[in-house]
Amino acid sequence: MLPFIDIPGIHLLYTITSVLLISVLTRLVLYVSQHMMRTDVSTWKVILVSLGTGLSAILATYSFTLSIDAGPAPQATCLFFIVNFLLSSVSGALILRVVRSPIGNTRHDLLISLLLAALIYLLHMLTPISLYPNLIDVHFIEVLTSMVLTQSTIFTLFRFLNMYTNGEQMKWSKLLLLFGSLMSGIAIVGLGYCIFAAFTSYQSAMSYNLHFMLPTVIVLTSNTVLTVIPLLYRNRALVTTQQLYQSLFNDNPNAVLAVEKYGSILHANKESEFLTGYNEDAIKRMDAAALFLDKEIFRNHLNILKNGGSHQWDTKIISRSGVQIDVHVTGIPTIVKHHIVGYFLVIKDISQTIETAKQVEFLAYHDDLTKLPNRRLMQQQMQEYAGKGTSFSILLIDYDLFKRINDIFGHSFGDKVLVETAARLERILDGKGTVNRVGGDEFLLIVPGESATRLAQYIVEQFRQPMRLQDYEHVLQASIGIASFPEHAEDMDNLYKYADIAMYQTKENGGNNYTVFQPEMAEKQVLRFEIEHELQEAIETQAFDLYFQPKFHSFKRTITGAEVLLRWNHPERGFIPPNIFIPIAEESGLIVAIERSVIERVMACLAKWLEETNECTIPCISINVSVITFLQDDFSSFFRDRLNHYNLDGSLLELEITERVVMQNETKINSILQKLRKTGVKISIDDFGTGYSSLNYLDKLEVDILKIDQTFIQHIEYNQSIVATIQSLAENLKLHTIAEGVETEAQLQALQELGCTEVQGYLFSKPLPQPDFESAYIMHIPVDA
């Protein structure tokens with residue numbers, strides 16, 4: 001017995017230690033249990049809590065034994081403490097498990113607390129029975145009181161632990177939390193003394209009353225505190241929950257209706273008023289089904305909600321003004337004490353989303369500019385016809401030289417032309433087929449029936465009618481390719497490919513017409529593909545031969561220069577004419593590499609000739625340059641670099657460009673020409689008179705030579721006035737002329753009479769291979785300056 005207190009059954013030091021240890025243990029349980037709500041907790045923390053519970057129980061029990069005059073039964077002491085420790089440890093682990101149960105289930109809390117109370121009462125009851133059997137004196141009233149006290153203590157303690165564990169959304173006061181943990185320690189320790197007193201006897205009434213009544217009062221006080229703390233928390237939690245509910249309900253961006261079990265609307269937020277057009281008072285008097293277009297379907301969905309769990313569906317509501325609005329409804333049952341008492345309906349306006357989806361779907365299958373079906377929908381339409389076994393034809397229409405419109409008038413003007421074309425084609429079909437835009441300036445018509453040639457002819461004629469846009473009249477030309485199902489192909493990809501082949505055949509034939517696909521066209525297309533592939537190999541191996549066609553003075557008949565030409569002698573196909581492989585090279589873009597290779601080889605020849613002839617005068621060599629090569633951004637720098645590499649003067653070279661080149665971007669053409677002319681190179685216009693001849697560009701662009709096309713020379717007796725005009729034009733602009741394709745003396749004499757001083761053609765020489773040209777005109781024959 002401690003000297004500073006004389007109350008039977010109480011050993012102050014161990015009692016205080018037990019209270020503090022259980023308080024700390026309570027705080028640890030709170031910490032670990034709340035962490036277990038969020039994530040897994042390491043095993044050692046659970047073990048620590050369990051061992052702490054067992055240690056606290058032993059320490060509390062030991063404090064009882066120190067105050068009893070008669071020592072405990074030695075044979076039972078060790079076994080009792082081991083059993084007490086194990087059961088207490090299991091109790092600690094069990095508390096951690098059950099304390100995370102949801103808040104508010106009173107029946108559940110009572111059952112759990114009854115189980116824990118029985119376990120704890122059993123532990124405390126074992127202390128006097130096991131250690132002091134000679135002092136057993138059961139007092140029925142005290143036993144009953146201690147049992148009720150144990151149940152109430154465990155219930156209040158469990159509710160305290162439970163509310164804190166599940167109350168992460170509330171900020172508990174640290175002081176309140178510490179105070180609650182301390183009260184838990186006092187209650188548990190005091191409860192042990194109460195139960196101990198109920199089963200033991202003491203000599204005096206005074207000591208008995210103190211032994212039982214004092215711990216009872218302390219435990220009741222602790223219970224009161226532990227009851228008040230959760231109530232304070234619950235009030236704060238209810239306020240917070242109410243505010244959260246009001247925020248979720250009133251400030252929700254969607255319409256929210258609180259509906260009772262049978263469909264009557266109880267509450268509605270402001271957004272509901274905006275969506276439906278009814279004010280809050282009017283909505284509250286309505287049946288929710290009255291808002292929906294299909295009331296039966298709404299009631300069916302409401303029945304689904306009665307089974308519990310949320311449910312979502314898309315439907316339409318009718319506003320007060322009668323407007324139908326597409327909405328997405330989320331139904332959530334309102335559950336009170338395990339019973340569905342109503343529903344929340346969250347209604348989202350999705351009319352804009354649906355409209356956007358329709359636009360996206362439309363754009364997925366239609367052209368944005370003309371609103372015509374695009375390639376994807378075209379393929380579906382063709383598949384539908386084929387699936388039904390319906391014969392049909394497709395007409396692939398492509399503008400001839402549409403790029404000129406974009407280059408001259410701009411892309412926005414070109415777009416207007418395409419829109420007007422789409423409208424014109426739809427008027428022509430008049431619902432007897434479909435018009436599709438499949439890309440760029442290409443349109444495809446799907447026409448049911450056996451033949452489409454009459455329609456194609458009519459389209460060609462209609463396209464010859466001027467199109468007036470922005471005070472301009474344009475006469476457009478189109479090339480049409482026709483393929484039919486199932487005559488030409490049963491596969492849609494092949495059918496389109498064949499129409500494309502036929503359309504390009506029309507272009508090769510001069511355009512502004514139509515062509516019906518023939519099987520041999522496909523063979524020709526395959527040949528083009530093979531030649532394109534072989535062209536790449538020919539570039540890498542330099543398989544092209546250089547030929548030179550000399551130019552002569554028309555009076556002196558001496559050589560004045562030569563035009564370099566390409567010849568391709570294929571190892572398997574034999575000689576392939578330039579008019580076969582050059583267009584393929586241009587379409588594939590390989591022409592750039594080919595012509596740059598020619599420029600490199602010609603410059604190498606010139607450097608070699610200068611060295612071998614001791615820099616005697618050699619003829620000027622002219623090289624044909626396509627529009628694709630000429631308009632390359634680095635062409636002028638490439639040309640200057642090669643001249644420097646071979647140490648050549650640009651006056652030894654002449655670049656021949658067509659009128660197609662000069663009709664491109666005037667500013668860019670001038671910039672390139674200025675850079676080239678600084679090298680001394682001469683610029684000539686090839687095939688002059690057959691393209692877009694214009695005094696305007698001749699006056700603005702700095703060129704040196706006009707080459708009169710051989711079509712005028714071949715029948716010069718009929719074209720003498722044209723040739724005379726070109727010659728006069730050149731003299732007035734101080735330009736030199738060269739006549740191409742001179743084959744007879746009569747043609748030469750006519751040119752001499754018109755004043756043309758330079759000619760080329762078979763009358764003087766055919767194109768010669770490089771070795772023959774060198775031996776004939778470089779080493780032995782003087783050049784006319």
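Helices H19 and H21 run roughly parallel to each other in this predicted model, as angles under 35 degrees count as roughly parallel. The angle in question is about 25°, and the two axes lie 10 Å apart. H19 covers residues 591–612, while H21 covers residues 635–646. The way H19 passes H21 is right-handed. On the H19 side, the contact is made by Arg596, Ile599, Glu600, Met603, Ala604 and Ala607; on the H21 side, the partners are Phe635, Phe638, Phe639, Arg642, Leu643 and Tyr646. Sorted by class, that gives 9 nonpolar and 3 charged residues, with no polar ones.

Now for another pair, H12 (residues 375–388) and H16 (residues 492–508). Their axes come within 10 Å and cross at roughly 115°, and angles of 65 to 115 degrees count as roughly perpendicular. H12 and H16 are therefore roughly perpendicular to each other. This crossing, too, is right-handed. H12 brings Arg375, Met378, Gln379, Met382, Gln383 and Ala386 to the contact, and H16 answers with Met492, Asp493, Leu495 and Tyr496. Here the split is 6 nonpolar, 2 polar and 2 charged residues.

Then there is H15, which spans residues 453–463. Its buried residues are Leu455, Ala456, Ile459, Val460 and Phe463. They sit on the same side of the helix, because the arc they cover around the axis is only 140°. What do the buried residues of H15 pack against? The partners are helix H14 (411–429) plus four strands: S6 (392–399), S8 (442–448), S11 (478–485) and S12 (513–516).

Methods: Residues numbered from 1 in each chain as written. Predicted model: local features only at pLDDT ≥ 70, side-chain atom pairs only at ≥ 80, totals over all residues. Heavy atoms only, no water. Axes fitted to C-alpha atoms, helices over the stretch in contact; angles between N-to-C directions. Helix = DSSP H or I, 4+ residues; strand = E, 2+ residues; numbered from the N terminus. Parallel < 35°, antiparallel > 145°, perpendicular 65-115°, else oblique. Left-handed = near helix turned anticlockwise from the far one by under 90°. Contact = heavy atoms within 4.5 Å. Nonpolar A, V, L, I, M, F, W, Y, C, P; charged D, E, K, R; others polar. Buried < 20%, exposed > 50% of the residue type's maximum accessible area, 1.4 Å probe, protein only. Arc of directions from axis to C-beta.
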